[in-house]
Amino acid sequence: MESKSHFEPDVVYETFKQVWARSSEERGSKEETDDAAMTEAELVVEVIANAAGGPSKMPRSTTANANALKLTCEVLKLFLTETVQRAAMVAEPEGSTQIEGSHLERILPQLLLDF
């Protein structure tokens with residue numbers, strides 16, 4: 001029986017939640033700093049813009065659809081598989097049986113452009 005390795009959607013979702021929380025905290029601290037540095041005129045303009053249907057600063061919960069998580073897991077699996085295959089192709093002519101950091105350094109620029 002073939003063992004199929006894969007990413008668990010729950011793990012990917014928890015990773016996303018941590019990144020979203022960190023981004024939200026960074027945005028919040030930036031907005032607090034910006035609010036403190038605003039002049040009275042800038043504050044009035046922002047209040048009017050928000051009242052006129054501008055972007056809301058209300059905290060929103062970010063979620064991910066189950067299908068989006070499955071797709072993300074599949075893309076991660078393909079990305080890592082391609083990374084290992086390309087690094088192995090670089091390591092093989094050198095007579096190496098293990099992939100090393102130098103092999104990854106050589107394939108990553110093109111890999112990132114391809115994805």
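1. A definition to start with: angles under 35 degrees count as roughly parallel, over 145 as roughly antiparallel, 65 to 115 as roughly perpendicular, and the rest as oblique. Keep that in mind for the helix pair in point 3. Please also remember that this is a predicted model.

2. Here is the overall picture. The chain has four helices and zero strands, so its pattern, read along the sequence, is α-α-α-α. Of the 115 residues in the chain, 11% are buried. The chain exposes about 9,400 Å², with carbon and sulfur atoms supplying 58% of that area. If you look at contacts between residues at least 6 apart in sequence, 62% of them join residues at least 24 apart.

3. Now to the pair I would look at with you. Helix α3 covers residues 66-91 and helix α4 covers residues 101-114. The two pack at an angle of about 135°, and their axes are 9 Å apart. That angle falls in none of the named ranges of point 1, and α3 and α4 are therefore oblique to each other. Their crossing is right-handed.

4. Which residues in α3 and α4 meet? On the α3 side they are F79, E82, T83, R86, A87, V90 and A91. Facing them from α4 are H103, L104, R106, I107, Q110, L111, L112 and D114. By character, the residues of this contact divide into eight nonpolar, three polar and four charged.

5. T83 is a good residue to click on from the α3 side. T83 sits in helix α3 and has 10% relative accessibility, which is why T83 counts as buried; the cut-off for buried is under 20%. Leaving aside residues up to four places away in sequence, T83 touches L104, I107 and L111. With L111, the sequence gap is 28 residues, while the C-alpha to C-alpha distance is 7.2 Å.

6. From the α4 side, have a look at H103. Is H103 buried or exposed? With a relative accessible area of 0%, H103 is buried. This residue belongs to helix α4. Again not counting residues up to four places away in sequence, H103 touches A87, V90, A91, E94, S96 and Q98. Among these, A87, V90 and A91 are also α3 residues in the contact with α4. H103 and V84 are 19 residues apart in sequence, and their C-alpha atoms are 9.7 Å apart in space.

7. One last spot takes us away from the α3 and α4 pair. E8 lies in the segment before α1, the helix made of residues 9-37. At 41% relative accessibility, E8 counts as partly exposed, because partly exposed lies between the 20% and 50% cut-offs. Where E8 and L69 are concerned, 61 residues separate them in sequence, yet the C-alpha to C-alpha distance is 8.9 Å.

Note on methods
Residues are numbered from 1 along each chain as its sequence is written. This is a predicted model: local features need pLDDT of at least 70, side-chain atom pairs count only at pLDDT 80 or more; totals for chains, interfaces and linings use all residues. Side-chain values use heavy atoms; hydrogens and water are left out. Axes are lines fitted to C-alpha atoms, for helices over the stretch in contact, and angles run from 0 to 180 degrees between N-to-C directions. A crossing is left-handed if the near helix is turned anticlockwise from the far one by less than a right angle, and right-handed if clockwise. Contact means heavy atoms within 4.5 Å. Ala, Val, Leu, Ile, Met, Phe, Trp, Tyr, Cys and Pro count as nonpolar, Asp, Glu, Lys and Arg as charged, and the others, Gly among them, as polar. Buried means under 20% relative accessible area, exposed over 50%, partly exposed in between (1.4 Å probe, protein chains only). Accessible areas come from the Shrake-Rupley method with a 1.4 Å probe; for residues, only the protein chains shown count as cover.
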